[in-house]
Number of protein chains: 2
Amino acid sequence: MTRFHQSVTTDIVIFTISDEQLKVLLIKRANEPFKDQWALPGGFLFEKEEPDKAVVRILWKKVEIKDVYLEQLYTFGSSGRDPRGRIITISYFALTPKDKIKIVVSDKVQTPTFRSVKQLPDIAFDHNRIITYALQRLRSKLEYTNVAYSLLPQYFTFNQLQRTYEIILNKKLDKRNFRKKFILLGLIKPTKKVLKGERQRPAKLYQFISRKPTELKKFF
Amino acid sequence: MTRFHQSVTTDIVIFTISDEQLKVLLIKRANEPFKDQWALPGGFLFEKEEPDKAVVRILWKKVEIKDVYLEQLYTFGSSGRDPRGRIITISYFALTPKDKIKIVVSDKVQTPTFRSVKQLPDIAFDHNRIITYALQRLRSKLEYTNVAYSLLPQYFTFNQLQRTYEIILNKKLDKRNFRKKFILLGLIKPTKKVLKGERQRPAKLYQFISRKPTELKKFF
DNA sequence: CCAAAAGTGTTGACTGTACACCCATGT
DNA sequence: ACATGGGTGTACAGTCAACACTTTTGG
């Protein structure tokens, strides 16, 4: 059987929450095509490299991030998506709490910047479409899994948890109902810690019982 | 930027229902590796070929099927999955009513056979894993979309519809509740036709209002 | 004492589930 | 006449959504 040779890349949609906004990490492209435009971090797979490993490598090399929630999204391969021709990209999405990230600006890293999904700049290739797809996936995963843990620090207040949901789903939720449902689900447990020092009543801190991906039966 | 060259394939999980069983189409491999073993239909992408187009081409060439429900599943690329090394496969799943298929046995087509998912033979590569993944996807899609239309003929009885669900979900459903829910969802409508000639009371024939993929709010 | 977020229950509407009998036809 | 699947309604339980006030702290 004949074997044809292909160019395969990966692109990664990295989400975090900061300033009460859902943000995506973009970098300025160093090379043509789309030189100096914003794009998702990504790159070509090495020969014989596994896609999952390539993602980890690229995350580290381009934006100095590791140990994040990672999941394959979709493989895009239409001819129009890259001016160099039909280039296949296996897209991934990543979730991380914002305090885990220290973006180092240097020559190596191409000014990675978190941008609110509500006000994205012009973006190279079909990366806008990939971001839209990732956002859909994130929204539905919120509703039937415990992925929220990967956006939050180990200890968090109920309010932080609820804000995470509200920001991503882009709608207000009822405080009492939210508590009830979440406690009933049995995903989180209270700790003995409280968050003091704010200028209101201190809030109990909770933690996820398991910080591994888990599916639920029914949800929001 | 350096570009590396890769081998990219596609594999297709084609489901249908016949003899009250959910079945997958397998073919006998004509070449090494795994010569003469059962495997999913698939093949290498041509240079510059779009993955979606490659799937259509391969479906036609290998099993003489066209115009089926098609959806991308997942991209597998671990090193262990093919003895020839790290070969990437973009997997798809397809759904078709059984009467739409006329499997022609010839030299060209490698004895394609539908096998019940409950009694699969030894299967080449990691295709077992791909089938398991496809089955999960099919099950969850049944619950929040109208994909069932792609497994049924244009006109069908309520019982055929219910059996489709029961076979795939692998559990009995309540007849009255099933009707109620389905009618309430507004996905199907009664026709003036009936199915006569069986040895019981003739059944009303229904059809899907839309035979396009649609998502529902809530479901089973 | 004031501002700010923390924390807490009840009710009504809706949705899902369990369940049994008569009907129309072919043989 | 009988065997076979076709067709129909009700009641109970569980879940979801709406809603407002008191508490605890910092300033």
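A side-chain N or O atom of Asn159(B) lies 3.0 Å from a phosphate oxygen of DNA strand D. The pair meets the rule for a polar contact (N or O atoms within 3.5 Å; within protein, one must be able to donate a hydrogen and the other to accept it, and residues adjacent in sequence count only if both atoms are side-chain atoms).

The model is predicted, with local features needing pLDDT of at least 70 and side-chain atom pairs counting only at pLDDT 80 or more, while totals for chains, interfaces and linings use all residues. Residues are numbered from 1 along each chain as its sequence is written, chains are lettered from A and ligands numbered from 1 in the order in which they are written, and side-chain values use heavy atoms, with hydrogens and water left out.

**DNA contacts**

DNA strand D has 21 residues around it, and Glu198(A), Arg201(A), Lys175(B), Gln200(B) and Lys204(B) come nearest. A residue counts as near a strand if one of its heavy atoms lies within 4 Å of it. Of the strand D atoms within 4 Å of the protein, 45% belong to sugar or phosphate and the rest to bases. At least two residues of this surface come from each of H4 of chain A, H4 of chain B and strand S9 (203–208) of chain B. Helices (H or I, at least four residues) and strands (E, at least two) are DSSP runs, numbered from the N terminus.

DNA strand C is surrounded by 21 residues, the closest being Lys175(A), Arg179(A), Gln200(A), Glu198(B) and Pro202(B). For strand C, sugar or phosphate accounts for 44% of the atoms within 4 Å of the protein, and bases for the rest.

The table lists polar contacts to bases.

| Protein atom | DNA atom | Distance |
|---|---|---|
| Asn177(A), side-chain N or O | strand D, base nitrogen | 3.0 Å |
| Arg199(A), polar backbone atom | strand D, base oxygen | 3.3 Å |
| Asp174(B), polar side-chain atom | strand C, base nitrogen | 3.4 Å |
| Lys180(B), side-chain N or O | strand C, base nitrogen | 3.4 Å |
| Arg199(B), polar backbone atom | strand C, base oxygen | 3.1 Å |

The elements giving two or more residues to the surface near DNA strand C are helix H4 (175–185) and strand S9 (203–208) of chain A, together with helix H4 (175–185) of chain B. That surface divides into three nonpolar, four polar and 14 charged residues. Near DNA strand D the classes are three nonpolar, four polar and 14 charged. Ala, Val, Leu, Ile, Met, Phe, Trp, Tyr, Cys and Pro count as nonpolar, Asp, Glu, Lys and Arg as charged, and the others, Gly among them, as polar.

**Protein interface**

Contact (heavy atoms within 4.5 Å) between the two protein chains takes 28 residues from chain A and 29 residues from chain B. Chain A and chain B bury about 2800 Å² between them, with 54% of it on carbon and sulfur atoms; buried area is the accessible area (1.4 Å probe) lost on being put together, summed over both parts. Twelve residue pairs, both at pLDDT 80 or more, are in polar contact between the chains. Strands S5 (69–76) and S6 (88–95) of chain A are the elements that give two or more residues to its side of the interface. S5(A) gives the largest share, three residues. The side of chain A that touches chain B holds eleven nonpolar, ten polar and seven charged residues. Zero salt bridges (a side-chain nitrogen of Lys or Arg within 4 Å of a carboxyl oxygen of Asp or Glu) are found across the interface of chain A and chain B.

**Symmetry**

Chain A superposes on chain B by a rotation of 180° with 0.0 Å of shift along its axis (RMSD 0.1 Å). This is the relation of a two-fold axis. The fit is by least squares on the C-alpha atoms of residues with pLDDT of at least 70 in both copies. Of the interface residues of chain A, 100% are also interface residues in chain B, so the copies meet through the same surface.

Conventions
Buried area is the accessible area (1.4 Å probe) that two parts lose on being put together, summed over both.
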